[in-house]
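Dear colleague,

I am handing over the structure below, together with a written account of what was found in it. Please read the two side by side.

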Amino acid sequence: RIPIHYVLMVGYDDEKKSVLIYDCDREALQELAEEELILAWQIEKNAVGDRNGFIRFRIRETPIDKYELTEKCLRNKAARQLFDKPDFVGINAYRKAAKEFSSWKNSLSETEYKNALASITEYLGTVPKLPNEILGITGEEDICYRGNYNRLGNVLLQIGEEYERNDWLQAGSLFHRCGVLLEDLTNRIVRFYCYDEDCLSEIPDLFSEIGNLAEQAYRTIADNK
């Protein structure tokens with residue numbers, strides 16, 4: 001039920017009326033009832049998708065070399081962040097938040113302000129979800145709130161070591177630092193939201209530093225071969 005969520009469907013079972021999918025948050029192949037898929041698919045049209053939307057593709061018989069594919073994907077991702085520059089995701093979003101965050105408290109009602117803070121944490125999780133403490137859930141291990149920079153960092157460190165690419169290793173370390181800062185930012189919001197702690201003053205600087213580190217990482221990817 002996560003809005004604008006993608007799964008990879010690799011098969012179906014007519015008799016059981018089910019589909020076989022891979023989800024980005026689980027390694028195992030999952031079986032999902034057709035009626036569940038259809039229900040989850042009924043989303044309102046927005047900037048990135050429409051109800052019942054899908055992408056059909058076929059892998060060519062001679063797959064592209066892993067190294068070539070990795071480099072191409074990383075360069076495309078870096079180009080989107082550095083040159084397309086959307087202001088609602090990635091580097092520019094962090095910098096915009098750094099500039100505007102301090103004004104939110106005065107321009108929003110108390111409820112709107114707390115809702116805005118909660119929304120920030122929701123989209124820093126491994127999947128979009130409010131932290132357990134905000135939800136009032138105790139005794140249950142929570143997901144990671146590092147904006148998935150930990151995953152990107154792990155990929156770069158692993159592939160960088162495999163192909164002896166120091167630029168990928170450097171970028172991977174930078175992305176990991178971004179993730180640690182986002183986790184700190186999330187924890188500060190949770191402490192304020194749940195316990196009224198006065199701990200938000202450093203958030204603009206955290207946003208700014210995350211944007212700078214991410215830009216440095218993407219430039220490292222884009223500028224080296």
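Helix 2 passes helix 8 in a left-handed crossing, and that pair is a convenient place to begin, with the caution that everything described here rests on a predicted model. The axes of helix 2, which covers residues 66-84, and helix 8, which covers residues 203-223, come within 9 Å and cross at roughly 135 degrees. Since angles have to be over 145 degrees to count as roughly antiparallel and the angle falls outside the other named ranges as well, helix 2 and helix 8 are therefore described as oblique to each other. On the side of helix 2 the contact is made by Leu74, Arg75, Lys77, Ala78, Gln81 and Leu82, and these meet Glu215, Tyr218, Arg219, Ile221 and Ala222 in helix 8. Sorted by class, the residues in this contact of helix 2 with helix 8 comprise 6 nonpolar, 1 polar and 4 charged.

Helix 8 also packs with helix 7, at an angle of about 165 degrees and with the two axes 9 Å apart. Helix 7 and helix 8 are therefore roughly antiparallel to each other, and their crossing is left-handed. The contact of helix 7 with helix 8 has 17 nonpolar, 3 polar and 5 charged residues.

A further helix pair is formed by helix 3 (residues 90-107) and helix 4 (residues 110-122), whose axes come within 9 Å and cross at roughly 145 degrees. Here Phe101, Trp104 and Lys105 of helix 3 make the contact with Tyr113, Ala116, Leu117 and Ile120 of helix 4. By class, the residues of the contact of helix 3 with helix 4 divide into 6 nonpolar, no polar and 1 charged.

As for the overall layout, the protein contains 8 helices and 3 strands, and read along the sequence these follow the pattern β-β-β-α-α-α-α-α-α-α-α. The C-alpha trace spans about 55 × 45 × 35 Å along its principal axes.

Turning to the strands, the 3 strands form an open sheet in the order 1-2-3, with antiparallel pairing. Strand 1 (7-13) and strand 3 stand at the edges with a single partner strand each, so one side of each is left without a neighbour in the sheet. Neighbouring strands of this sheet are turned by 35 degrees against each other on average, with direction ignored. Helix 1 packs on the sheet, where it touches strand 1, strand 2 and strand 3, and its direction makes about 80 degrees with that of strand 3.

The pairings within the sheet can be followed residue by residue. Strand 1 and strand 2 pair in the antiparallel sense over 6 bridges; Gly11 has Leu20 in strand 2 as its bridge partner, while Tyr12 stands opposite Val19 in strand 2. These two strands, strand 1 and strand 2, form a hairpin with 4 residues between them, and Lys17 in the turn has a positive phi of about 55 degrees. Strand 2 (residues 18-23) and strand 3 (residues 30-33) pair in the antiparallel sense over 4 bridges, and they form a hairpin with 6 residues between them. Within this second pairing, the bridge partner of Leu20 in strand 3 is Glu31, and that of Ile21 is Gln30. Leu20 thus appears in both pairings, with Gly11 as its partner in strand 1 and Glu31 as its partner in strand 3.

Finally, a word on confidence, which you may want to keep beside the geometry above. The protein averages a pLDDT of 90, and 94% of the residues score at least 70. Among its elements, helix 1 (residues 34-41) has the lowest mean pLDDT, at 87, and helix 7 (residues 166-195) has the highest, at 97. The helix that packs on the sheet is therefore also the element with the lowest mean pLDDT, whereas the helix packed against helix 8 at about 165 degrees is the element with the highest.

With best regards

Notes. Residues are numbered from 1 along each chain as its sequence is written. This is a predicted model: local features need pLDDT of at least 70, side-chain atom pairs count only at pLDDT 80 or more; totals for chains, interfaces and linings use all residues. Side-chain values use heavy atoms; hydrogens and water are left out. Axes are lines fitted to C-alpha atoms, for helices over the stretch in contact, and angles run from 0 to 180 degrees between N-to-C directions. Angles under 35 degrees count as roughly parallel, over 145 as roughly antiparallel, 65 to 115 as roughly perpendicular and the rest as oblique. A crossing is left-handed if the near helix is turned anticlockwise from the far one by less than a right angle, and right-handed if clockwise. Contact means heavy atoms within 4.5 Å. Ala, Val, Leu, Ile, Met, Phe, Trp, Tyr, Cys and Pro count as nonpolar, Asp, Glu, Lys and Arg as charged, and the others, Gly among them, as polar. pLDDT is the predictor's confidence in each residue, from 0 to 100. Two strands pair if DSSP finds at least two bridges between them.
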